[in-house]
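Okay, I'll start with how some helices pack against each other, and then move on to the cavities. Let me put the structure up.

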Amino acid sequence: MTYIAKPKLHHPALTPNGLGYLRRDYEGSVSTLCAGCGHDSISAAIIQAAYELDLPPHRVAKLSGIGCSSKTPDYFLGNSHGFNTVHGRMPSVTTGANLANRELIYLGVSGDGDSASIGLGQFAHAIRRGVNMTYIVENNGVYGLTKGQFSATSDRGSKSKKGVVNHDAAIDMVGLALQLGATFVARSFSGDKAQLVPLIKAALRHPGPAFIDTLSPCVQFNNHAGSTKSYDYVREHNEAVNRLDVIADRKPIEVDYEPGTTISVTQHDGSVLALHKLSDHYDPTDRIAAMAYLGERQAAGEIVTGLLYVDPEPGDLHGALGTTDRPLNSLSDAELVPGQAALDRINAGLR
Amino acid sequence: MTAPLAAVNDFVVKFANVNGSGSASANSMFAKAVLRMGVPVAVRNIFPSNIQGLPTWFEVRVTEAGHLGRRGGVDMMVAMNPQTWDRDVAEIEPGGYLFYDSTKPMPASKFRDDITVVGVPLTAICNAAYTVARERQLFKNIIYVGALASLLGIEIAVIEQLLAEQFEGREKLIKANFDALHMGRDWVKDNMAPLGLQVRRADAVGDRIFIEGNQAAGLGAVYGGATVCAWYPITPSTSLAEAFTSYCQELRVDPESGKANFAIVQAEDEIASIGMVIGAGWNGARAFTATSGPGVSLMTEFIGLSYFAEIPAVIFDVQRGGPSTGMPTRTQQADLIGAAYASHGDTKHPMLLPMDPGECFTFAAQAFDLADRLQTTVFVMLDLDMGMNEWLVEPLKWDESRRMDRGKVMTYEELEAGRDFGRYLDVDGDGIPFRTYPGVHPTRGGYFTRGTSRNPYARYSEEGSVYVDNVQRLLRKFETAKTLVPAPVLTRASQPTREGVIYYGSTGPAMHEALGLFEGQGRRLDALRIRAFPFSSEVDEFLASHDRIFVVEQNRDAQLRTLLMAENGGDPDRLVPVLHFDGTPITARFIVSAITQMMDATQPPGSRPLREAAE
């Protein structure tokens, strides 16, 4: 039960991060999801990423919609403010929250039902507006909380636990995000922590709309033969295009790969993304090529994972609106309320 | 033969035009010219949901007595639209005047013999002076203004001054407009005598201003400290968000950095609009959206979240004719119940009910204090009539000593000092808990906001007693709201009476005029103007102290009456609905007629038929 606090037992050998926080300080309540749920692995990856990045836990705002995935913000970053909003509407709430205070780090967690069905419109518009946020979709191709209906990311021809074959085309969130102008697009797998943690770190440091589609098998309703979102299926068809190391500011870059197989992308905030290429010629800064490559591999039945696209100099909504550098929620009466003199001028113009 | 109407500073002129013909600015100039002569006017735009081609009307009530409601009836029709000719002619009061373009002869059957017909060959004058089609169209409007000025005694110099202000710095344009104005004036001078309806310079306007409610509310949001506006275009609310935008650009750009102390997003729909508002409110910014009934319908799920999770939000609902798409360009007060109880489950939301653009300004600003104080959605219920028409109101005022009331927000210092923080804990007995802004303290004050049931410390709980305690606290909070919202305004009859009338919103001016007429007839009615929901104790007192109360509303189902019955135990037998809901603004004539008939069924109706305007 989520209201039961976790025991505050620390292993004596735990090491604090650069801010003096332990990994435990980034944890939340005990998960109420099923044992083996992919979502819990993603929560663990978020905790690890925040810990490794030395993020002040309370400076992260975590928002979600409705569904199994959207419950998870309760299970990580317990000192952060969280907001479990309404179904499919996390993107608009995050947009408003971001407008109110541009200084926090915004992490939106959603599912495939939440973002690809009821919330597809809000997903699209938050991405195209360029809201500075990390948007993680925990994608299991199924409605878990209502027990096993197909979601809009279920592949055509995949089979439900009850044996029903899905006849609708699947929505590819990665393809949409690329088309709509996300400046950081990745796909990963909840079962591949080594790939996922650096991707989340890079996304959290990305000063624009960062989208991670994370395949996250539902052990209860979508982990059987005939499913294209099961642990076995994803492992068999996973084609990673690169491995990522995120190097925060002023830390030496250690590249232990063969020369010529690694490219570095320096983000606007100074963090460096060192990408070890697993696939020849894959250039994650070329959006059009990424879209073509993804289409091609998808047709071949592969699930391409890794950092698929990054724009190192992205813009965001605040930039487009020209808002003040200070959080809007901190502005004073003097800055916001014009006073009687201005009103007198306006009155004079209305006679 | 009916004698031609004769009146000074007390008559109604209605312009019938084709949408998109450029008539709006000419008509508005006519109205403003009367104002500048010190004579109050009440104007109403009657327009279709269309950009070009459909009929549109503009009504100007010239009223030295200062009656700012719609009067009903037309004393002079400026019939510029052949499409609506027959009904426009039919609407003129007996003895009234018909002004028309006489270039093309009309058969006698197209006129009435109980009115005075004033034909001015506008097209012929235009064609002689202009060759370009667009010029002919636009200047024709100015020519008829010149002709009308001459017929009605409006000073040409006043109109010239208005033109000079409108086209300041563009001398050629000013001269061209002057020429057109003079063409109309001179033709009338040479061919006709002034009419029985006359405007005479007076001193009845004072320093009042002429402003639309949407504009005033947009400005009020600036003064209320709103920094985030998320909206979706919908008639008749669009101009509110646009006014906020333009006032922000004027008043809220930091002079040093050139950066905006505001953020305005045109969202993809109303659901996203309110989502952004709630996200911003959750994060401590003052945020609002402007919409109309259909938008509120879409927003209801989020409004329930705001109620239950206790997040400040302000919604301006500029009401139009419903239900469904209804009459998008007509006025009603038909969203009251929809807004008061928006969303599933047991929910109630405070509503402010401004009467005119002056209150649109003050209530807009106050709504943000109330939303922060009560941590919930506060509705400001305008309507199309006050929202999209310029009304004459006292100049806007601001108390310089006033500061934003951000409500109960626990600070870093308080958290650091170890003050107990329970997000939904009623520490003061007023039902209002403390909140924290996200990111305030590294280890204290963080909590998980949710639409699910939770305990006072914001932890998930579906336990019955915990749930009941929480929703009972929300009722206590609603009781507290009664003491914070604007109190009703009581106008006592000249003698004690057990009969009363309750009214609200844009019905105000018509009701005030009607009250004067009732007094003249010797009928005594105490009048209570309700300015907010929930209803404060003054409303209970009024209900208790009157045997019969007429509840005057602009909707079919007597929505305010229902709220009075449901929330304050109003006796249905004593609350008599008086309802006007054809989409036109309510008139004093309607109110007097309806109430008079009910008050005294044996008294024969007046000898003069009461005419409602057709549109």
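So, first pair: in chain B, helix α4 (residues 133-152) and helix α6 (residues 171-191) have axes that come within 7 Å and cross at roughly 45°. That makes α4(B) oblique to α6(B); the word covers whatever is left once angles under 35 degrees count as roughly parallel, over 145 as roughly antiparallel and 65 to 115 as roughly perpendicular.

Before I go on, some housekeeping. This is a predicted model, where local features need pLDDT of at least 70 and side-chain atom pairs count only at pLDDT 80 or more, while totals for chains, interfaces and linings use all residues. Residues are numbered from 1 along each chain as its sequence is written, chains are lettered from A and ligands numbered from 1 in the order in which they are written, and side-chain values use heavy atoms, with hydrogens and water left out.

A word on terms too. Helices are DSSP runs of H or I with at least four residues, strands are runs of E with at least two, and both are numbered from the N terminus. The axes are lines fitted to C-alpha atoms, for helices over the stretch in contact, and the angles run from 0 to 180 degrees between N-to-C directions.

Back to α4(B): its crossing with α6(B) is right-handed, as in the near helix being turned clockwise from the far one by less than a right angle, with anticlockwise being left-handed. Who touches whom? On the α4(B) side we have, among them, Phe139(B), Ile142(B), Ile143(B) and Leu151(B), and they meet a set in α6(B) including Ala176(B), Leu181(B), Met183(B) and Val188(B). Contact here is heavy atoms within 4.5 Å. By class that contact has eleven nonpolar, four polar and two charged residues, where Ala, Val, Leu, Ile, Met, Phe, Trp, Tyr, Cys and Pro are nonpolar, Asp, Glu, Lys and Arg charged, and the others, Gly among them, polar.

Next, still in chain B: α9 (residues 270-282) and α10 (residues 293-309). Their axes come within 8 Å and cross at roughly 30°, so α9(B) and α10(B) are roughly parallel to each other. This crossing is right-handed as well. The contact includes Ile271(B), Ile274(B) and Ile278(B) from α9(B), with Leu298(B), Met299(B) and Phe302(B) among those from α10(B). The split is seven nonpolar, four polar and one charged.

Over in chain A, α5 (residues 120-129) and α6 (residues 173-180) have axes within 9 Å, crossing at roughly 40°. So these two are oblique to each other. Leu120(A), Phe123(A), Ala124(A), Ile127(A) and Arg128(A) of α5(A) make the contact with Met173(A), Leu176(A), Ala177(A) and Leu180(A) of α6(A). That's eight nonpolar, no polar and one charged.

Now, how many cavities of 30 Å³ or more turn up in the whole structure? Eleven. A cavity is a set of points on a 1 Å grid, over the protein atoms alone, where a 1.4 Å probe fits but cannot get out, and lining residues have an atom within 4 Å of a point. Points are joined across faces, edges and corners, and the volume is the space filled by probe spheres set on them.

The largest cavity holds about 90 Å³. Its lining has 15 residues, with Asn45(B), Ile46(B), Leu384(B), Gly583(B) and Pro585(B) nearest the centre. β3(B) gives the largest share, three residues. The classes are four nonpolar, six polar and five charged.

The second largest has about 80 Å³, and 16 residues line it, including Gly141(A), Phe150(A) and Asn222(A).

Conventions: On a 1 Å grid over the protein atoms alone, a cavity is a set of points where a 1.4 Å probe fits but cannot get out, and a pocket is an open set with protein on both sides within 12 Å along at least five of seven lines; lining residues have an atom within 4 Å of a point.
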